[in-house]
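Work through the exercises below with the sequence and the model side by side. Each task is followed by a solution in steps.

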Amino acid sequence: MEFDYCKLRGKIREKFESDNNFAKALSISRVSLSQRLNNKSDFSQSEIKKSVELLDLSIRQIPEYFFKEKV
């Protein structure tokens, strides 16, 4: 199953201007973030939790940002 991270990518650019800046704040490499956003690897629970905090999301928004299936 693949997830659609378009909305997440937009929020990352809105808050951090680049994937690289967000990856640093999330304490992962830019390559690791790219793998996650391109469905090559999964976000861990702790990464999702920290992302929610960094991006000022609510817990209720997790499904729309992290679990929206690609159609």
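The exercises go from the overall fold to aromatic pairs and then to single residues.

The model is predicted, so local features need pLDDT of at least 70 and side-chain atom pairs count only at pLDDT 80 or more, while totals for chains, interfaces and linings use all residues. Residues are numbered from 1 along each chain as its sequence is written, and side-chain values use heavy atoms, with hydrogens and water left out.

**Exercise 1. Overall fold**

Task: State which elements the protein has and in what order they run.

Solution. Step 1: count helices (DSSP runs of H or I, at least four residues) and strands (runs of E, at least two), numbered from the N terminus. The protein has five helices and zero strands. Step 2: read them from the N terminus, which gives α-α-α-α-α. Step 3: compare the radius of gyration, taken over C-alpha atoms, with the globule rule of 2.2 Å times the number of residues to the power 0.38. The radius is 11 Å, close to the 11 Å given by the rule for 71 residues, so the protein is as compact as a globular protein of that length. Step 4: add the extents of the C-alpha trace along its principal axes, about 30 × 25 × 20 Å.

**Exercise 2. Burial and contacts**

Task: Find what percentage of the 71 residues is buried.

Solution. Step 1: apply the classes, with buried under 20% relative accessible area, exposed over 50% and partly exposed in between (1.4 Å probe, protein chains only). Step 2: buried residues amount to 37% of the 71. Step 3: turn to contacts (heavy atoms within 4.5 Å). Of those with a separation of 6 or more, 58% join residues 24 or more positions apart.

**Exercise 3. Aromatic pairs**

Task: Classify the ring pair of Tyr-5 and Phe-43 and say which parts of the chain it ties together.

Solution. Step 1: rings of Phe, Tyr and Trp (its six-membered ring) pair if their centres lie within 6.5 Å; planes under 30 degrees apart are stacked, over 60 edge-to-face and the rest tilted. This rule yields five aromatic pairs. Step 2: the centres of the Tyr-5 and Phe-43 rings are 5.5 Å apart and their planes stand at 70°, so the pair is edge-to-face. Step 3: Tyr-5 lies in the segment before helix 1 (6-16) and Phe-43 in the loop between helix 3 (30-37) and helix 4 (45-54), so the pair links parts 38 residues apart in sequence. Both residues are buried. Step 4: Phe-16 and Phe-22 are also an edge-to-face pair, at 5.3 Å centre to centre and 65° between the planes. Phe-16 is buried at 18% relative accessibility, and Phe-22 is buried at 1%. Step 5: Phe-3, Tyr-5, Phe-43, Phe-66 and Phe-67 form one aromatic cluster.

**Exercise 4. Ser-51**

Task: Decide whether Ser-51 is buried or exposed, and list its contacts beyond four places in sequence.

Solution. Step 1: Ser-51 belongs to helix 4. Step 2: its relative accessible area is 1%, so Ser-51 is buried. Step 3: outside its neighbours within four places, Ser-51 is in contact with Phe-22, Leu-26 and Phe-66.

**Exercise 5. Positive phi**

Task: Locate Ser-27 and Asp-56 in the chain and give their phi angles.

Solution. Step 1: Ser-27 sits in the loop between helix 2 and helix 3, and Asp-56 in the loop between helix 4 and helix 5 (62-66). Step 2: although not a glycine, Ser-27 has a positive phi of about 65°; Asp-56, not a glycine either, has a positive phi of about 55°. Step 3: Ser-27 is exposed at 59% relative accessible area, and Asp-56 is exposed at 55%.
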